[in-house]
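Subject: Structure for you to look at

Hello,

Here is the structure I said I would pass on. Please have a look at it before reading the notes underneath.

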Amino acid sequence: MAENVSQCDDEFIHSIKALLWGNTVKKDVFKRWAQGFYFSPDEPTALVQTEGGPCAVIAPVQAFILKELLSETDISIWKNINMDTSYQLLVRASIEILKQAAGEKVPKFYIVFMDCTFPNHENERKAKWIEKVPKIENSEEEISIENNENMEQNKELLLMEINEECQNIDCDLFHSQLRLFTTNTTEQLEEFFSERLEMLKDRYGILLLLYSVIVTKGITEIRSEMSDPLEPMIDSVYGYGSQSLINLMLTGRAVSHVWDHDQDVGGLKLRGIDKQNSIGFLALLEHLCYCEVGTFLKSPSHPIWVLGSETHLSVLFSTEKRLVSPETPADQAKRVFRKFDPEGNNFIPVNLLQDVLAELGLVTDTEYVHVMKKKLDNENLGIILRTNFMDEFFPEEPRTCPDTFPLYHYNGLPHSNPENKVIYHRGQAVLLECTIKGIMESNPMLTVLQTKWPRIEIQWDTIQNPSLN
């Protein structure tokens, strides 16, 4: 495959740095993103995140790994998956994300890799420490107070050493070593990743995958999809990924909003999600009306949702396949009606009825539309209520969503999990008879779930609710 490899020139490096990092790449922010993909010793298929920031890549990749895993609904089997299989899942997830970025045109994949590898000492040592602590805690031998103190001291020394090693991370050296592998086939793509698996495991694995997605998508096309193409995709102060970056990883499109379709706001065309996605997205801030998540992301084709808090991304999933289904005609009708009702008033001006019917492929003859206007607006108010429209054209269809179902939650940050163990936490969900309106700020997990299931109540297998942060 050597003939498909080329060097990245200075103009290419400058363009991708400007898109991601802005005018300057801040050392501390770059350092937080400099980690490889590695798995939890307590959950063989769960990725571990060492620092705040790269969850914008890690959480979507984890979601696509789970998509592969959900073909096997027996969660207990997951605990026995070996490391080789876990990394095969990582490769398949990476390829699916790259295929989305390439789009439906004749695919051309660009893989950004490095001429040399850098040992991922800090990730390896953190993984060993995470693995070591449970073994000490679960030992049948009695551990003295002195040994406990020694363990804490060793932990602090190890973390200090890790931080010292992180100082050696060099942004300029990283960019000077970048190379491009080009291919038109997923077979060659899989072969390349399999042969160079270390590129994903090593210190810059997350960045190399992100850069590959960006180059495969095309920098010019990414900027054309963003609401503000001059805004860097990685925040220069806090290091978190923008919604455009999250959407790029989840859907293959770098749009800045999570509503359905494009919306006209004050004469500005703001781009949203254009079709049902395989992975969903739910946002904690939606209950405060800071954003609007459309049905394409709330109702994905697989029961997996990336959850967005104010500061972090985690993943929710279920083995209950009845939670998702292809979009029904009634779902489509509600979505189209909402498109003509951008302010969410649940009614449209009567003169828009013909446009709504046309978009839904229904009869639009002038005489028929005139009859329907009189029927749906029998009081001559000049508006058509959504309920009247749906009752006339799409009587309520029976729902297949069960009243009880299991949910699982993943958070890749060790300190956000009990005992620092990154594992999947199980909950049993119940849909109550009436909608719960009492939003509790002390329970952000329930709050974000209610944006999808307003009547949900859930009991988790942990004393405390799983953390979104």
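The notes below go from the whole chain to its cores and then to one pair of helices.

This is a predicted model, in which local features need pLDDT of at least 70 and side-chain atom pairs count only at pLDDT 80 or more, while totals for chains, interfaces and linings use all residues. Residues are numbered from 1 along each chain as its sequence is written, and side-chain values use heavy atoms, with hydrogens and water left out.

The chain has 19 helices and 15 strands (DSSP runs, H or I of at least four residues for helices and E of at least two for strands, numbered from the N terminus). Of its 469 residues, 51% are buried, meaning under 20% relative accessible area with a 1.4 Å probe, protein chains only.

The largest nonpolar core (buried Ala, Val, Leu, Ile, Met, Phe, Trp, Tyr and Cys residues joined through side-chain atoms within 4.5 Å) has 98 residues, and Trp 33, Val 61 and Phe 281 have the most contacts inside it. Helix α3 (residues 55–69) gives the most to this core, with 11 residues. A second, separate core of 20 residues includes Leu 282 and Trp 460.

Helices α17 (residues 366–376) and α18 (residues 386–393) pack at about 125°, their axes 11 Å apart; axes are lines fitted to C-alpha atoms over the stretch in contact, with angles from 0 to 180 degrees between N-to-C directions. In α17, Tyr 368, Met 372, Lys 375 and Leu 376 meet Asn 388, Phe 389, Glu 392 and Phe 393 of α18, where contact means heavy atoms within 4.5 Å.

Regards

Note on methods: Buried < 20%, exposed > 50% of the residue type's maximum accessible area, 1.4 Å probe, protein only.
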